[in-house]
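Thanks for coming, everyone. Let me put the structure up, and then we will walk through its empty spaces and a few backbone details.

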Amino acid sequence: MGCIQSVTCKARIRRDNIVVYDVCATIDQCPTRIEETSPIVLRYKTPYFKASARVVMPPIPRHETWVVGWIQACNQMEFFNTYSDLGMSSWELPDLREGRVKAISDSDGVSYPWYGNTTETVTLAGPTNKISRFSVSMNDNFYPSVTWAVPVSDSNVPLLTRIKRDQSFTTWLVAMNTTTKEKIILQTIKWRMRVDIQVDPLQLLGQRARLVGRTQQEQPRILSRMEPIPPNALVKPNANDAQVLMWRPKRGPPLVVIPPK
């Protein structure tokens with residue numbers, strides 16, 4: 001009990017009087033599931049990344065509000081859908097691709113900068129005269145739709161032959177003073193999700209696609225150091241709003257299919 005008793009005597013909240021334990025970060029050890037039920041799109045569902053931690057916060061001596069929870073950002077994204085020898089569609093984050101930013105927020109689009117506002121965060125309003133114990137958790141996965149036909153064509157002829165996706169994320173456990181905006185980084189996690197699907201568009205629906213390459217994902221890394229949060233990871237836009245769907249034909253100029261929101 002020594003570590004917990006010690007946090008109660010501190011007048012100011014600092015990293016050394018916040019206790020974090022039972023930090024867990026995993027990716028489910030199951031393969032990506034392919035769904036071929038629609039004549040318009042192929043869908044796939046990846047395993048879940050899951051993170052959780054238990055936290056003991058000291059008493060809050062002032063009229064301040066602290067939020068403890070998960071912040072996530074995308075550091076790298078490659079997402080290509082190949083259509084025979086005609087070209088490929090790609091979801092892109094232009095600022096990230098061009099190196100103008102190091103990361104883009106992966107918030108739910110409402111709870112900036114937090115990943116979400118249910119199990120992902122806990123809010124503590126001061127002043128309080130005793131310690132607070134709680135858990136915070138989050139999960140993430142991919143469940144997109146990819147058109148069988150070329151996305152800029154009026155034809156419904158299936159021509160999709162390959163889906164390749166490789167995305168990297170950093171996830172931080174953070175305590176933030178909502179009054180002063182002071183941030184205390186409690187934990188840093190790195191993880192990556194990769195998908196490689198081969199498609200034979202000549203086959204019957206339900207028999208076209210198969211997973212190639214690795215069937216299980218690399219497990220996340222819980223870092224021993226605290227990595228700083230890039231400014232773009234804390235503000236709009238999030239990755240879903242910033243991404244652009246491009247059509248990049250083998251011949252001719254690229255086209256914007258879906259612009260950023």
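The second largest pocket holds about 220 Å³ of space. Its lining counts 16 residues. K164, R165, R194, V195 and D196 are the ones nearest its centre. Which elements give two or more residues to that lining? They are β5, β11 and β12, the last of these running over 183-199. By class, the lining of this second pocket has seven charged residues, five nonpolar and four polar. One caution here: this is a predicted model.

Now the largest pocket. Its volume is about 370 Å³. Here 19 residues form the lining. Nearest the centre of the largest pocket you find D106, F142, R165, N240 and Q243. So what supplies the walls? Strand β5 (65-83), strand β11 (160-177) and helix α3 (239-242) each give at least two residues. The class split for the largest pocket reads ten nonpolar, six polar and three charged. Look at R165 on your screen. R165 is among the residues nearest the centre of the largest pocket, and R165 is also among those nearest the centre of the second largest.

Next, enclosed space. Rolling a probe the size of a water molecule over the atoms shows where empty space is left. How many cavities of 30 Å³ or more does the count give? One. The largest cavity has about 40 Å³ of space. Its lining residues are R12, I13, R62, E64, W66, N177 and E182. Four of the lining residues are charged, two are nonpolar and one is polar.

Let me zoom out to the whole protein. There are three helices and 16 strands. The C-alpha trace spans about 70 × 35 × 30 Å along its principal axes. Of the 261 residues, 48% are buried. Take contacts between residues at least 6 apart in sequence: 74% of them join residues at least 24 apart. The exposed surface comes to about 13200 Å², with carbon and sulfur atoms supplying 52%.

Now one residue in detail. S89 sits in strand β6, residues 87-92. Is S89 buried or exposed? S89 has a relative accessible area of 2%, which is under the 20% cut-off, so S89 counts as buried. Leaving out residues up to four places away in sequence, S89 touches F79, F80, N81, Y83, P151, L245, M246 and W247.

On to the backbone. Most residues other than glycine have a negative phi, and most peptide bonds are trans. Here are some exceptions.

G126 and P127 are joined by a cis peptide bond, with omega about 0°. P127 lies in the loop between β8 (121-125) and β9 (132-140). The bond from K236 to P237 is cis as well, and its omega is near -5°. P237 is in the loop between β14 (221-222) and α3.

Then phi. S84 is not a glycine, yet its phi is positive, about 50°. S84 is in the loop between β5 and β6. K181 is not a glycine either, and K181 has a positive phi of about 70°. K181 belongs to the loop between β11 and β12.

Where do these two stand on exposure? S84 is partly exposed, because its relative accessible area of 37% falls between 20% and 50%. K181 reaches 52%, which is over 50%, so K181 is exposed.

That is the tour. Questions, please.

Definitions and conventions. Residues numbered from 1 in each chain as written. Predicted model: local features only at pLDDT ≥ 70, side-chain atom pairs only at ≥ 80, totals over all residues. Heavy atoms only, no water. 1 Å grid on protein atoms, 1.4 Å probe; cavity = no way out; pocket = protein on both sides within 12 Å on 5 of 7 lines; lining within 4 Å. Points joined across faces, edges and corners; volume = space filled by probe spheres on them. Nonpolar A, V, L, I, M, F, W, Y, C, P; charged D, E, K, R; others polar. Helix = DSSP H or I, 4+ residues; strand = E, 2+ residues; numbered from the N terminus. Buried < 20%, exposed > 50% of the residue type's maximum accessible area, 1.4 Å probe, protein only. Contact = heavy atoms within 4.5 Å. Areas by Shrake-Rupley, 256 points an atom, 1.4 Å probe, with all protein chains shown as cover.
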